[in-house]
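Me: Can you walk me through this one? I'd like to ask things as they come up.

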Amino acid sequence: MGLWLDPTVGESMKLNWSMWRPILEIIGDARIVDDATLEVMGSNNGCAVTAAESVAIADAVDAVAAAMPEDARLIMGGEVTTEPDDFRLHRDHRERNYTIPRDLLRKFAAFSRASQGFNVG
């Protein structure tokens with residue numbers, strides 16, 4: 001199950017929820033949107049991101065990705081690892097279930113920068 005990101009300009013992007021959660025943390029840490037908007041972005045209720053917000057999101061995500069090794073993954077909570085994903089369900093450390101590779105962070109940042117705003121949903 002995943003979510004669609006529909007841009008004002010360009011093609012849609014699909015991410016699964018396990019990849020979206022670490023991106024939401026980056027957005028929240030950068031204080032790009034208010035807490036209520038961030039909460040809606042983390043649900044299936046739909047939410048619009050403005051053109052200015054989409055550029056700020058791209059900048060924040062690019063900054064995180066730039067600090068990561070090339071073959072790394074970002075784990076929810078801010079941990080970075082170069083260990084390959086084992087695709088196991090981590091019951092004791094649930095944050096390890098939410099991870100996104102650096103290359104997909106870069107792809108999302110490029111999408112966000114070019115989108116001129118997008119809808120999450």
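Me: Starting with helix 3, what covers its buried residues?
Reply: The cover includes helix 1, strand 3, helix 4 and strand 7. Bear in mind that this is a predicted model.

Me: Which residues of helix 3 are buried, then?
Reply: Ser-54, Ile-57, Ala-58, Ala-60, Val-61 and Ala-65 are the buried ones in helix 3.

Me: And how many residues does helix 3 have, and how far does it reach?
Reply: Helix 3 has 16 residues and reaches 22 Å from first C-alpha to last. That is close to the 22 Å expected at 1.5 Å a residue.

Me: OK, switching to the sheet. What order do the strands come in?
Reply: The order is 2-1-7-3, in an open sheet of four strands with antiparallel pairing. Strand 2 and strand 3 are the edge strands, each pairing on one side only. From one strand to the next, the twist averages 25°.

Me: How many bridges hold strand 1 and strand 2 together?
Reply: Four bridges, in the antiparallel sense. As an example, Leu-3 has Leu-15 in strand 2 as its bridge partner.

Me: What sits on the sheet?
Reply: Helix 4 packs on it, touching strand 1, strand 2 and strand 7, and its direction makes about 140° with that of strand 2. Helix 1 lies across strand 1, strand 2 and strand 7 as well, running at about 95° to strand 2.

Me: What about the turn between strand 1 and strand 2, which residue has a positive phi there?
Reply: Gly-10, with a phi of about 105°. The two strands form a hairpin with five residues between them.

Me: Which side chains of strand 2 are buried and which are not?
Reply: Met-13 and Leu-15 point to one face and are buried, whereas Lys-14 and Asn-16 point to the other face and are not.

Me: Why would they alternate like that?
Reply: Because in a regular strand the side chains alternate between the two faces of the sheet.

Me: Now the core. Which residues touch the most other members?
Reply: Leu-5, Trp-20, Ile-27 and Phe-108, out of 33 residues in the largest nonpolar core. Among the elements giving two or more residues to this core are strand 1, helix 2, helix 3 and helix 4.

Me: Where does the largest share come from?
Reply: From helix 1, which gives seven residues.

Me: What does Leu-5 contact, leaving aside its neighbours in sequence?
Reply: Leaving aside those within four places, the contacts of Leu-5 are Ser-12, Met-13, Leu-15, Trp-20, Phe-108, Phe-111, Phe-118, Asn-119 and Val-120.

Me: I see some Phe residues in that list. How many aromatic pairs are there in the whole structure?
Reply: Four. One of them is Phe-108 with Phe-118, an edge-to-face pair at 6.2 Å centre to centre with 85° between the planes.

Me: What does that pair tie together?
Reply: Phe-108 lies in helix 4 and Phe-118 in strand 7, so the pair ties together parts that are ten residues apart in sequence.

Me: Are those two rings buried or exposed?
Reply: Buried: Phe-108 has a relative accessible area of 0%, and Phe-118 has one of 2%.

Me: And what kind of pair do Phe-111 and Phe-118 form?
Reply: A tilted one, 5.5 Å centre to centre with 55° between the planes. Both Phe-111 and Phe-118 are buried.

Me: Last one: which residues make up the aromatic cluster?
Reply: Trp-20, Phe-108, Phe-111 and Phe-118 form one cluster.

Notes. Residues numbered from 1 in each chain as written. Predicted model: local features only at pLDDT ≥ 70, side-chain atom pairs only at ≥ 80, totals over all residues. Heavy atoms only, no water. Core = buried A, V, L, I, M, F, W, Y, C linked by side-chain atoms within 4.5 Å. Buried < 20%, exposed > 50% of the residue type's maximum accessible area, 1.4 Å probe, protein only. Contact = heavy atoms within 4.5 Å. Pairing = 2+ DSSP bridges. Axes fitted to C-alpha atoms, helices over the stretch in contact; angles between N-to-C directions. Expected span 1.5 Å × (residues − 1). Phe/Tyr/Trp six-rings, centres within 6.5 Å; stacked < 30°, edge-to-face > 60°.
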